[in-house]
Protein chains: 2
Amino acid sequence: MASFASRLVDAVRSKGNPVCVGLDPRLGSLPEACLESSQDLETQARAYAKFCCQIIDVVAPMVPIVKPQAAFFEQLGPHGMVALGQVLNHARAQGVMTILDGKRNDIGSTAIAYAEGWLGGSSAWGADSLTVSPYLGSDSLEPFSETAIQRDCGIFVLVKTSNPGGGYLQDVTLPEPEKHVYGRVARWVEEQSQNSSDNSGFGPVGAVVGATYPAQLKAMREAMPHVWLLVPGYGAQGGGAADVAGGFNELGLGGLINSSRGIIFAHQNEDYAEVARSDGWQGAVAEATRRMINDLHGVGIRPN
Amino acid sequence: MASFASRLVDAVRSKGNPVCVGLDPRLGSLPEACLESSQDLETQARAYAKFCCQIIDVVAPMVPIVKPQAAFFEQLGPHGMVALGQVLNHARAQGVMTILDGKRNDIGSTAIAYAEGWLGGSSAWGADSLTVSPYLGSDSLEPFSETAIQRDCGIFVLVKTSNPGGGYLQDVTLPEPEKHVYGRVARWVEEQSQNSSDNSGFGPVGAVVGATYPAQLKAMREAMPHVWLLVPGYGAQGGGAADVAGGFNELGLGGLINSSRGIIFAHQNEDYAEVARSDGWQGAVAEATRRMINDLHGVGIRPN
């Protein structure tokens with residue numbers, strides 16, 4: 001199999017856009033078509049699987065990658081995890097790549113257990129990549145990156161997050177050249193991906209950098225030329241197309257722009273009321289995805 | 001229901017020791033009595049549940065709390081998560097408190113989903129407490145602590161971890177009084193627990209502080225007087241009873257000393273070969289637990 005980085009380059013180029021659709025199911029926002037009358041955990045989990053799989057059916061031909069959020073499935077207990085497994089299987093069957101957004105982290109053999117469980121077609125879950133949190137240090141990240149490399153998969157390390165309090169630890173200052181705690185994480189990520197990059201120009205270790213700090217996004221793009229950036233915070237969290245333009249290199253590659261609520265719950269948005277009436281909630285998902293792609297194209301974000 | 005902190009004080013006092021047994025099942029180390037001939041994920045998961053539940057049967061009368069490690073169950077996919085649910089249920093039925101070691105972390109409503117899923121008898125998983133990673137900042141920790149308080153549950157925030165590379169981010173220096181990144185996390189943890197402490201003297205927000213840095217453990221005890229410390233690194237990771245003595249206050253409270261492999265895989269240890277022959281692998285677990293309790297008592301670690 002090709003490396004994660006080169007599969008991602010191919011997927012972004014073939015779809016012509018860098019959109020990641022975040023699969024964050026919430027009971028109160030599901031379309032009625034996905035709900036059943038009973039509300040026990042097993043029924044809810046079945047509704048989550050149905051909803052997410054039907055979104056995948058819509059977006060798999062349109063975007064390169066989807067990102068299920070583990071938390072919402074975990075909230076439903078073991079039934080929710082069965083649903084998460086179905087969603088990941090369905091994404092693979094539909095040919096769209098996956099990021100499992102679990103922000104996992106641990107040390108030694110425990111980190112290996114997470115990585116081996118989530119990453120690759122031979123694993124129990126079969127995700128293409130996993131988000132990872134770095135507080136435990138570089139030796140806690142290595143088991144994730146090593147397993148990812150072995151399996152032609154990837155990880156995305158939290159570097160600079162989009163929440164208001166993200167700077168509490170991340171912005172603590174360090175001497176040059178790292179400047180900040182997040183700069184130290186970025187340096188580790190770049191070193192890892194540089195050392196294992198292939199002719200795609202990228203390596204298997206990506207970084208999460210929020211869209212809410214456009215100047216930092218541009219600086220991080222420059223500091224990590226071999227790194228895929230996963231950029232949350234577009235749309236509902238306030239970042240617009242112009243804010244994420246700094247996340248791409250001169251070939252229009254290297255950034256993945258995530259939108260969750262803005263796409264998956266488009267049927268609740270007045271802007272899509274008409275299309276939802278005519279084409280149903282999946283029609284609204286398709287239209288919201290198209291508009292996001294157009295907005296990115298409109299500011300010149302398009303892979304060469 | 002009483003608060004998490006006061007339930008923990010009661011449990012430690014009634015058992016007369018602060019031992020936390022880490023439930024880290026690994027296929028290669030399970031006693032033969034727990035294995036089946038087939039090796040598919042469902043069968044492995046059933047073996048993990050059997051092994052962990054039988055350990056709980058042994059240690060529930062002896063120790064205040066057990067700590068299932070999410071990673072090893074997640075490694076087996078949805079079947080593993082079903083097993084984890086059974087283990088948490090069994091612990092509750094046997095009257096021993098639980099820490100779900102998941103090192104979860106996220107922001108806003110996603111953090112709430114994790115907290116609401118894992119914490120409390122009304123949740124899908126029903127754990128008493130959850131380990132949480134702080135890289136995303138204080139606003140990412142608040143949803144966890146608020147849910148914990150509402151549900152008479154607790155969280156343990158990673159402060160200073162026991163791995164060699166833990167200092168990579170945690171030891172980055174800051175001005176007084178915080179001194180280090182981990183000191184900033186410690187200050188937040190102490191503030192949270194001080195503000196919501198009860199007549200147990202402790203609050204619902206605990207801290208993970210490794211046993212491999214005894215001087216820092218003592219300093220952290222002093223910096224966080226209202227905080228339960230979860231101390232990994234005892235035994236297999238190199239810390240001994242004298243190394244963890246600094247984790248307790250003048251009443252012999254405030255510390256939980258975790259041992260995983262040293263207890264649960266005692267049947268593989270030559271020191272317990274004789275008892276394993278006469279009393280089986282569960283006899284070895286009981287004997288290893290007794291010896292750990294005795295070792296702690298031997299250096300004066302005993303609740304008043």
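Which residues have the most contacts inside the largest nonpolar core? They are A:Val157, A:Ala207, B:Val157 and B:Ala207, in a core of 214 residues. A nonpolar core is here a set of buried Ala, Val, Leu, Ile, Met, Phe, Trp, Tyr and Cys residues joined through C-beta atoms within 7 Å. A residue is buried if 20 or more other C-beta atoms lie within 10 Å of its own, exposed if 12 or fewer, and partly exposed in between, with C-beta atoms placed from the backbone. In soluble globular proteins, nonpolar side chains tend to be buried together.

The structure is a predicted model, in which local features need pLDDT of at least 70 and side-chain atom pairs count only at pLDDT 80 or more, while totals for chains, interfaces and linings use all residues. Residues are numbered from 1 along each chain as its sequence is written, and chains are lettered from A and ligands numbered from 1 in the order in which they are written.

The two chains make a good starting point. A turn of 180° with a shift of 0.0 Å along the axis lays chain B on chain A with an RMSD of 0.0 Å, superposed by least squares on the C-alpha atoms of residues with pLDDT of at least 70 in both. This is the relation of a two-fold axis. The same surface serves both copies, as 100% of the contact residues of chain B recur in chain A; contact requires C-beta atoms, placed from the backbone, within 7 Å. The residue of chain B that comes closest to the rotation axis is B:Tyr135, with its C-alpha at 2.8 Å.

Within chain A, eight strands form a closed barrel in the order 1-2-3-4-5-6-7-8, with parallel pairing. Helices (H or I, at least four residues) and strands (E, at least two) are DSSP runs, numbered from the N terminus, and two strands pair if DSSP finds at least two bridges between them. Neighbouring strands of the barrel are turned by 30° against each other on average, direction ignored. Strands 1 and 2 of chain A run parallel and are joined by four bridges, with A:Val21 bridged to A:Val66. Strand 2 of chain A is covered on both faces, with A:Ile65 and A:Lys67 buried on one side and A:Val66 and A:Pro68 on the other. Helix 2 (residues 41-59) of chain A lies across these two strands and runs at about 165° to strand 1; axes are lines fitted to C-alpha atoms, for helices over the stretch in contact, and angles run from 0 to 180 degrees between N-to-C directions. Strand 7 (residues 229-231) and strand 8 (residues 255-259) of chain A pair in the parallel sense over three bridges, and A:Val231 has A:Ile257 as its bridge partner.

In chain B, strand 3 (residues 97-104) is largely enclosed by the rest of the structure, because eight of its eight residues are buried. Strand 3 of chain B runs parallel to strand 2 (residues 65-68), with two bridges, and parallel to strand 4 (residues 129-132), with three. The partners include B:Ile65 with B:Met97 and B:Arg104 with B:Val132.

Helix 8 (residues 181-195) of chain A is also largely enclosed, since eleven of its 15 residues are buried. Among the buried residues are A:Val185, A:Trp188 and A:Val189. Two of the helix residues, A:Val185 and A:Val189, are touched by A:Val157, whose contacts also include A:Leu141 and A:Ala207. Helix 8 of chain A reaches 22 Å from its first C-alpha to its last, close to the expected 21 Å, which is 1.5 Å times one less than the number of residues.

Several loop residues round off the picture. The peptide bond from A:Glu176 to A:Pro177 is cis, with omega near 0°, and A:Pro177 lies in the loop between helix 7 and helix 8 of chain A. The peptide bond from B:Glu176 to B:Pro177 is cis as well, with omega near 5°. B:Lys179, in the loop between helix 7 and helix 8 of chain B, has a positive phi near 70° and counts as partly exposed, with 16 C-beta neighbours inside 10 Å. A:Asp152, which is not a glycine, has a positive phi of about 55° and is partly exposed, with 18 other C-beta atoms within 10 Å. By contrast, A:Gly126 is buried, with 20 such atoms within 10 Å.

How values were computed: Lists of a residue's contacts leave out its neighbours within four places in sequence.
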